[in-house]
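Trainee: Could you zoom in on the aromatic ring pairs for me? I'd like to know which parts they tie together and what sort of surroundings they sit in.

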Amino acid sequence: MSQNLLFTVLACSCIACSALGDLQECEAPQEAQRVSYKAPVLLTMSQRLLRKSAALLNSPEDDITKNLADSLSWSWLNFTAMGVGDVLYEEPGKVMGVALNGPDDVRSLKSALSIGVGVTIVLVLAFCIQRKLSPAVYVKQSCLEWEEESHNTPEQSSGSFPDQHFTLIDWFRKVWRTTPDDELARGGLDGWAFLEFRRLNFYIFRIVAPALCAVLLPLHYLANKGSDLGALSYFDIGSDPLPTWILWIHACMVWFVIVVSAWLISEAQVHFTERRHQWLKEIPYPRATTVLVKNIPHMFRTDSALRGYFVNLFSEEDIDRAYIVRRTGHLPGQVAALRQARQEAADAKARWEAASSPDDELRAELKSCEARIESLTQEVAQAQARIQEAVQRGDPLVCSASGFVTFTSEVSRRLASREQYTRDVTEFKMTIPPDPSDVIWQNLAEDQINQVTWNWLGVVAMIGVFVFWVPLVVVISSWTTFGTLQEMLPQLKEFVSQHPWVDQLLSGVFATIVLKAFLAFLPSTMHCIIWTFMSVRSYSGVQMQMQQWYGGFLIVFVLLVTALGRGLTLTLVIVAQEPGRIFSLLAHYLPTASHFYFDYIILGWTIPCFELVRTANFWKYQFFRRIYGATEKEAKERAEPEDQACYGLGARMASTTLLSAITFVFCSCSPLILLFSFVSFSLGQLAYTYLVVFAESKKSDTGGLLWISGINNLFMVLTVYVLLMTGVLHMLSPDRDWFGPPVAVLA
């Protein structure tokens, strides 16, 4: 216990030292003069905390809590007295480029609309043209194979695709006629859940938007007409105290949003439950009668021993087979090399048959490929034999603690999955197995201790991303303003001086564009951390982790960044010391940046349209088809799938949650955001429905776990909305009284 408390004190000391370093980095003379007197206080705080931490180790357990509380209270008094909180939350736009509301917001909105609408139109036209020219890129592989078998004629070579039925806009008609059953059949349960999650948010905002705009916009206009923050601020809730009757109307509108959201979420959950029951019934054999067994004791880590254990518990007729997951060493690499050698041999044979007079070089290449295939085949067979022999011996270097047991009936499988087999509840833990094509066998073969260790390393790496993201953005944002970029590039400055419209177009939204571009690299970083460190047993499990971590990051560092000020850690310390400050943090800073999120959502219109173009898949297909000389079917296979880090269902669910969170949080403070979100959800529904149902390959399902996580995140977003409006109504009440509208909202 004392070591944990010591760690807490040391962490507080590090916070003080970090704050001291931040104050020392002030470059402006007036800023340095203003905060120079605070540096000795911070240094004294750091030294006192370190002395306290040393004393704690020699103190009785009863005195530890008192000493720690005294140390933390003294430190917090110093933080408050020196005004660190004011410095901490000063000019949050410097951190993530989030600009506060101002007189130039109308110009920024016009620029965002020009760029968003223009780029969206260009991307949709590019999609229509590319789909007409290369239809195989925009059709599922299963549909392509079906049409090859159904329409193959002597005039069509193997792998051709008949494209005469493709027109420029027929995709819109297909999307319009798509039913939920089509989404479930072609996109799987998770694909349908993703589209249904977007529809759920669309339906909520479709109902609440007319009421909020009709009621709140006139009230805001009457209360804020003549504001010096520009015309857009006329329709915001503002920062001046409002009459009590207006606050009660806001409280009623909050209740209206919550009731409508809860009602539609419950209805959607009923539909999801029905779909999941149907999905469970349609799980194919043998997966439907198989369980994944984890933490198998050492004595049962062979195929025969594991099967014999369950035969003794049930009967010979109930158990079909058992399989221990193997640690295969270099065998996967050898199998991949054999597959590559066979592909190279097929390509060489195709060139041989295409050549009118094959030369000696082609003949030698073909013989070399055949010899390599024969050698690799022997190596793979020998490796498989060695592994099988080691399994029969129960070699602990080969036999893992995980395995599969297949029963002869679903009833037996369900009975087996409900039992506790030993006194140790961690042994023989059973779950529904993932799809065989979805399993990451290397991770499944890891021992429990290794899995826990790697998972903790992954969590630490993710926390590092959260902690060091703001300093990294501060460094990058120092040269990503449009004015700074002109100073760095004299040619750009000269071009802008000759064309002033460029400055008018980009100066207001350049920070938003840079933020979106920088965030585009984040999914790949998180995907790499999850794949490298976290012991995830399936590819669909990777998407679940992406949804949780990436979604949380977007909420914290895109939506709540204005309330974080200059650091996540210091903000958490402040809220831990004074939990009630969460209302004031949200109320003081979030509504003042609502116009930035107008631009953010408008520029986000381009994202689903960009995914619709499938740029990477299109150019990979063209490379293999035109340059590499592959058939259309082979080029299609090599061009799939899309990047699962950025375009997987986990990342898409996280982005949808962010869009929903932005809309919910600002729907009462700035109801105009509902109009822009309505367009965003409409474009996204069109684009993603076509991609999931008609273009992208069907992925393995999690069984609806992405939906459950998405609904939980949606309830958290509604909680943030309630906390924000509680703080706003308290801040705008004439007497700063908690009783009345604030309490009504919080209830």
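Mentor: Sure, and let's start with the long-range picture: in the protein chain, residues 24 or more positions apart account for 81% of the contacts with a separation of 6 or more (contact means heavy atoms within 4.5 Å). Keep in mind that this is a predicted model, where local features need pLDDT of at least 70 and side-chain atom pairs count only at pLDDT 80 or more, while totals for chains, interfaces and linings use all residues. Residues are numbered from 1 along each chain as its sequence is written, and side-chain values use heavy atoms, with hydrogens and water left out.

As a backdrop, the protein chain has 35 helices and four strands (DSSP runs numbered from the N terminus: H or I of at least four residues for helices, E of at least two for strands). Of its 747 residues, 48% count as buried, meaning under 20% relative accessible area with a 1.4 Å probe, protein chains only.

Now the rings. Phe, Tyr and Trp (its six-membered ring) pair if their centres lie within 6.5 Å; planes under 30 degrees apart are stacked, over 60 edge-to-face, the rest tilted. That rule gives 38 aromatic pairs. Take Phe 127 and Tyr 690: their pair is edge-to-face, with 5.5 Å between centres and 75 degrees between planes. Phe 127 belongs to helix α7 (residues 105-133) and Tyr 690 to helix α33 (residues 673-695), so this pair ties together parts 563 residues apart in sequence. Both Phe 127 and Tyr 690 are buried.

Then look at Phe 310 and Phe 407, also edge-to-face, at 6.3 Å centre to centre and 90 degrees between the planes. Here helix α12 (residues 303-313) supplies Phe 310 and strand β3 (residues 399-407) supplies Phe 407, so the parts tied together are 97 residues apart in sequence. Phe 310 and Phe 407 are buried as well.

Back at Phe 127 and Tyr 690, ring pairs link these two into a cluster with Tyr 138, Trp 171, Phe 172, Trp 176 and Phe 694. Tyr 690 turns up again in the largest nonpolar core, which has 136 residues: Tyr 690 is among those with the most contacts inside it, along with Leu 200, Met 526, Phe 553, Tyr 597 and Ile 662. (A nonpolar core is a set of buried Ala, Val, Leu, Ile, Met, Phe, Trp, Tyr and Cys residues joined through side-chain atoms within 4.5 Å.) Helix α10 (residues 180-224) gives the most to this core, 18 residues. Phe 310, on the other hand, sits in another core of 31 residues lying apart from it, whose members include Phe 300, Leu 331 and Phe 428.

Notes. Buried means under 20% relative accessible area, exposed over 50%, partly exposed in between (1.4 Å probe, protein chains only).
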